[in-house]
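Here's a quick tour of what's tucked away inside this protein. Have the structure open while you read.

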Amino acid sequence: MEPPEVSASAESPEQIILRWDSMAADEAREKMIFDSDRHEIDRYLHAVDELQESMNSTTLSDSNSSSALQIAMARLEDEFRNILLSHTHPIENESLTEFSNLSTHHSISSTGDISELISSNSEEVEFKDDIEGSLVKQLEHLESNSSSTSSCYNSTSSIREVDLVPSEAIYDLRCIAERMFAAGYLRECIQVYGSVRKSVVDASFKKLGIEKLSIGDIQRLEWEILETKIRRWVRASKICVRVLFASEKTLCQQIFEGLGTSTDDACFMETIKGPAVQLFNFAEAISITRRSPEKLFKMLDLHDALSDLLPDIEVVFESKSTESIRVEAVEILSRLAEASRGILSEFENRVLQDPSRVQVPGGTLHPLTRYVMNYISLISDYKQTLLGLIVSKPSTGSRYSGDLNMPDMDFLEFEGEVTPLSLHLIWIIVILQFNLEDKSKHYKDASLSHLFIMNNVHYIVQKIKGSPELREMIGDEYLKKLTGKYRLAATSYQRSTLVKVLYCLRDEGLHVSGSFSSGVSRSALRERFKAFNAMFEEVHKTQATWLVPDPELCEELRISISHRVIPAYRSFLGRFRGHIESGRHPENYIKYSVEDLENAVLDFFVGHPVSLQLRRGSE
């Protein structure tokens with residue numbers, strides 16, 4: 001664009017400045033000096049320099065010169081704004097794409113277990129009304145979000161600046177800033193800069209999906225919505241600090257460094273203070289939300305992201321003027337840590353006080369067991385983060401002091417052997433077992449009560465064995481205790497179930513006289529066979545409807561039952577079959593062959609009624 005036409009004669013600095021006075025000339029209003037050729041730009045800047053030197057060299061103020069300088073400053077302010085506005089594009093899509101490749105900080109290994117938990121038949125228990133409704137339901141979101149948990153950018157593992165404004169434009173902006181500083185108009189220059197660049201940062205925030213929400217707005221959102229926003233924040237915060245803010249800081253330095261005291265810092269703060277507060281307000285709002293167990297892992301994601309960013313925040317906001325942002329970031333990190341500790345404590349409390357008293361059918365796994373162990377598995381995936389946050393053992397005394405419904409645990413036996421985090425996990429398992437023991441008392445059948453404990457403690461053991469991280473944290477010694485507990489429950493179940501069956505197969509009471517060889521009472525023997533048949537049929541009827549969900553444990557238990565019942569029955573049948581078969585209607589008393597019993601045991605623990613089939617195998 002050509003400048004306004006001028007006469008060939010030499011012009012004074014005042015004339016050059018007035019010729020470009022947009023208030024006096026329409027032509028000058030429609031054109032910008034810095035859209036002209038370089039010669040015209042340099043003439044104008046030289047005129048401003050000459051005018052300033054002239055005013056500085058005289059003791060008396062020339063009103064014409066002062067007026068011309070004011071006009072020049074107003075013009076330069078407009079030029080400064082125009083150059084900035086010509087480069088107000090938010091951070092380029094290419095840059096966002098380049099920085100969007102994520103790497104997972106934590107490898108969530110228990111998502112399959114979460115699916116198993118979610119797919120469990122929640123209609124069988126009223127547990128859903130309390131814990132399942134408020135906690136287990138949230139694991140569906142943990143599963144769907146786990147792939148992006150605690151993500152960081154490979155390309156933004158350290159500060160990586162981009163060119164926000166072309167170098168030739170930066171040169172022009174610097175030229176203008178130097179003149180406005182020399183004339184005492186730096187404050188106006190900074191205000192223009194801050195206003196324009198802040199709008200660019202706002203546009204970049206919008207592209208990154210960072211919304212303008214107050215702390216109150218954030219706390220009123222549903223947690224499911226917040227989870228999505230947290231994932232977006234974790235990604236966007238790294239770009240904001242390592243790319244956007246760092247690049248804005250460099251741009252401020254390129255234009256304002258050396259012009260007054262810390263002018264570039266003041267200009268940087270003018271630009272990013274609002275956006276930075278907006279960015280960190282989100283993390284602060286999450287840190288002070290109501291504490292509930294489903295929030296722990298997203299809280300840890302935020303903690304990890306902010307902790308990872310802290311060294312870069314220290315670099316980008318290193319000056320005195322930006323100290324408040326550094327301090328705020330550190331304080332928010334501390335609040336996130338405290339919130340995470342509080343949530344873990346709340347989780348322990350909920351596990352202990354779960355009010356569900358409804359029996360799960362068939363003595364199978366309780367939803368609480370599934371939920372707690374999947375939760376613990378996720379905790380182990382955050383081991384490195386939590387080791388730094390959990391530094392003290394569980395606090396159990398003050399709240400439950402004198403409460404007989406509190407499990408006993410001697411923490412001293414673990415002292416020096418495990419970390420405080422491990423103690424918390426062991427404590428959670430202890431209170432889970434305590435709760436399960438209480439629930440088992442509501443079964444009227446003692447055998448089913450033992451089976452319930454066996455199923456649930458076995459599941460705990462398998463979950464620990466299935467996670468190397470969790471097994472290391474729990475320790476083999478405590479794992480042995482748990483294994484012994486479920487095996488004891490299995491033994492108690494068999495003893496309680498089979499004692500009446502095996503009692504029918506004893507020899508006592510079958511002989512006519514006191515002499516063992518005096519003979520057998522046929523009537524007593526018939527009653528004994530009838531009693532055995534009835535007892536075994538009742539056991540088969542009930543045991544078929546019970547459930548052992550783990551295939552290996554189920555098979556192991558069936559084999560153990562067979563080993564106790566089948567040899568005893570075979571021996572009893574071998575000794576006394578002849579006495580029955582020599583009488584009338586032997587089939588009414590010897591109803592089952594050994595093969596029948598072997599097949600009947602295979603019906604145990606299928607979870608539904610099964611008819612007892614007679615095969616009449618020969619023995």
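How many nonpolar, polar and charged residues does the lining of the largest cavity have, by class? Keep in mind that this is a predicted model. The lining of that cavity comes out as six nonpolar, two polar and three charged residues.

Let's stay with the cavities for a bit. The count comes to three cavities of 30 Å³ or more, and the largest cavity holds about 140 Å³ of space. If you want to find the spot, look for Gly-209, Ile-210, Glu-211, Leu-213, Ile-218, Lys-229, Arg-232, Trp-233, Gln-278, Leu-279 and Phe-282, which line the largest cavity. Helices α11 and α12 (263–287) each supply at least two residues of that lining.

Helix α11 turns up again in the nonpolar core. The largest nonpolar core has 177 residues, and α11 gives the most to this core, with 17 residues. The residues with the most contacts inside the core are Phe-80, Phe-245, Phe-256 and Phe-605. As background, nonpolar side chains in soluble globular proteins tend to be buried together.

Phe-80 is a good one to click on. Setting aside neighbours within four places in sequence, Phe-80 is in contact with Leu-173, Ile-176, Ala-177, Cys-189, Val-192, Tyr-193, Ile-255 and Phe-256.

Next, a few single residues and how accessible they are:

| Residue | Relative accessible area | Status |
|---|---|---|
| Ala-236 | 0% | buried |
| Thr-369 | 0% | buried |
| Cys-175 | 6% | buried |
| Cys-504 | 7% | buried |

Why do these count as buried? Ala-236 does because its relative accessibility is 0%, and the cut-off for buried is under 20%. Cys-504 also counts as buried, because its 7% falls under that 20% cut-off.

Ala-236 sits in helix α11 (residues 223–256). Its C-alpha atom is separated by 5.8 Å from that of Leu-208, and the two residues are 28 residues apart along the chain.

Thr-369 belongs to helix α15 (residues 367–381). Leaving out residues up to four places away in sequence, Thr-369 touches Leu-432, Leu-436, Asn-456, Tyr-459 and Ile-460.

And what about the cysteines? How many disulfides does a search of the whole structure find? The search finds zero disulfides.

Note on methods
Residues numbered from 1 in each chain as written. Predicted model: local features only at pLDDT ≥ 70, side-chain atom pairs only at ≥ 80, totals over all residues. Heavy atoms only, no water. Helix = DSSP H or I, 4+ residues; strand = E, 2+ residues; numbered from the N terminus. Buried < 20%, exposed > 50% of the residue type's maximum accessible area, 1.4 Å probe, protein only. Contact = heavy atoms within 4.5 Å. Disulfide = S-S within 2.5 Å. Core = buried A, V, L, I, M, F, W, Y, C linked by side-chain atoms within 4.5 Å. 1 Å grid on protein atoms, 1.4 Å probe; cavity = no way out; pocket = protein on both sides within 12 Å on 5 of 7 lines; lining within 4 Å. Points joined across faces, edges and corners; volume = space filled by probe spheres on them. Nonpolar A, V, L, I, M, F, W, Y, C, P; charged D, E, K, R; others polar.
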